[in-house]
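Reader: Could you walk me through this one? I have some questions about its strands and its interior.

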Amino acid sequence: MSASWVPHAAQNSASFPKKAITRLQKELAKSVEVQERQQWEVTLIDEELAQWNVLLKRDGFVEGPLKTNLTEGFRTGVLLRIEFSERYPFDPPFVRVESPSLKGGFVMTGGALCMEILTRHGWRPSVSMENVLETIRFHLSEHSVEVAGKLKVSFNRSEALAAFNRVVQIHGWDKAEPAKSTSAVLAGRKKL
């Protein structure tokens with residue numbers, strides 16, 4: 001595994017290994033199955049399994065600045081763009097806010113999300129996309145995130161990617177190996 005990692009370019013899943021496609025299909029099916037209860041809506045971008053749009057609906061957020069801004073601005077929610085690589089689930093998806101433009105908390109320039117779970121350092125292949133989406137919504141709700149204003153309607157990928165790479169470098173997440181799984185840690189303890 002490479003010590004230096006950055007998110008991949010948006011890809012077409014036709015060339016993905018069968019295991020990656022199977023896992024993506026499973027995650028998509030589960031995310032769609034729970035979308036009414038979870039207050040989100042998952043759609044594929046151009047019918048591409050490796051590129052999702054996820055609308056985190058306004059009513060799924062807890063009361064706070066973001067939910068108030070969404071309500072007052074007559075917005076239905078926060079639109080996320082999720083891109084998977086052929087190494088999924090071993091590499092995390094690249095997740096960014098598409099719209100509206102947000103500020104504060106873990107939202108960086110371009111809509112990048114500064115969350116360790118979305119980096120190779122903090123990612124675990126066992127993490128479900130349902131858990132990822134719940135975590136993102138929690139952090140957006142609980143960390144003083146607000147709609148940035150009316151001038152800029154949405155973010156773009158190149159800004160998000162540049163900001164994500166800066167944050168990864170600042171935190172040293174590009175130099176550290178991914179954390180070991182629980183079973184690997186327990187196996188290491190047995191040797192002591």
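Reader: Which residue is the bridge partner of Ile82 in S4?

Author: The partner of Ile82 is Val95. Before going on, this is a predicted model, in which local features need pLDDT of at least 70 and side-chain atom pairs count only at pLDDT 80 or more, while totals for chains, interfaces and linings use all residues. Residues are numbered from 1 along each chain as its sequence is written, and side-chain values use heavy atoms, with hydrogens and water left out.

Reader: How many bridges join S3 to S4?

Author: Five bridges join strand S3, residues 77-83, to S4, and the two run antiparallel. Strands here are DSSP runs of E with at least two residues and helices are runs of H or I with at least four, numbered from the N terminus, and two strands pair if DSSP finds at least two bridges between them.

Reader: And what's the strand order in the sheet?

Author: It is an open sheet of four strands in the order S1-S2-S3-S4, with antiparallel pairing. Strand S1 (40-45) and strand S4 (94-99) each have a single partner strand, so one side of each is left without a neighbour in the sheet. On average, neighbouring strands of this sheet are turned by 25° against each other, direction ignored, where axes are lines fitted to C-alpha atoms, for helices over the stretch in contact, and angles run from 0 to 180 degrees between N-to-C directions.

Reader: What about S1 and S2, how many bridges there?

Author: S1 and S2 pair in the antiparallel sense over six bridges, and Val42 stands opposite Val54 in S2. Their hairpin has two residues between the strands, and Asp46 takes a positive phi near 50° in that hairpin.

Reader: Which helix lies across those two?

Author: Helix H1 (residues 18-33) lies across S1 and strand S2 (48-57), running at about 25° to S2; contact means heavy atoms within 4.5 Å.

Reader: Switching topic, how many aromatic pairs are there?

Author: The count comes to three aromatic pairs, taking rings of Phe, Tyr and Trp (its six-membered ring) with centres within 6.5 Å, and calling planes under 30 degrees apart stacked, over 60 edge-to-face and the rest tilted. One of them, Tyr88 with Trp123, is tilted, at 6.2 Å centre to centre and 45° between the planes.

Reader: Why does that pair tie together parts that are apart in sequence?

Author: Tyr88 lies in the loop between S3 and S4, and Trp123 in the loop between strand S5 (102-103) and helix H4 (129-142), so the pair ties together parts that are 35 residues apart in sequence.
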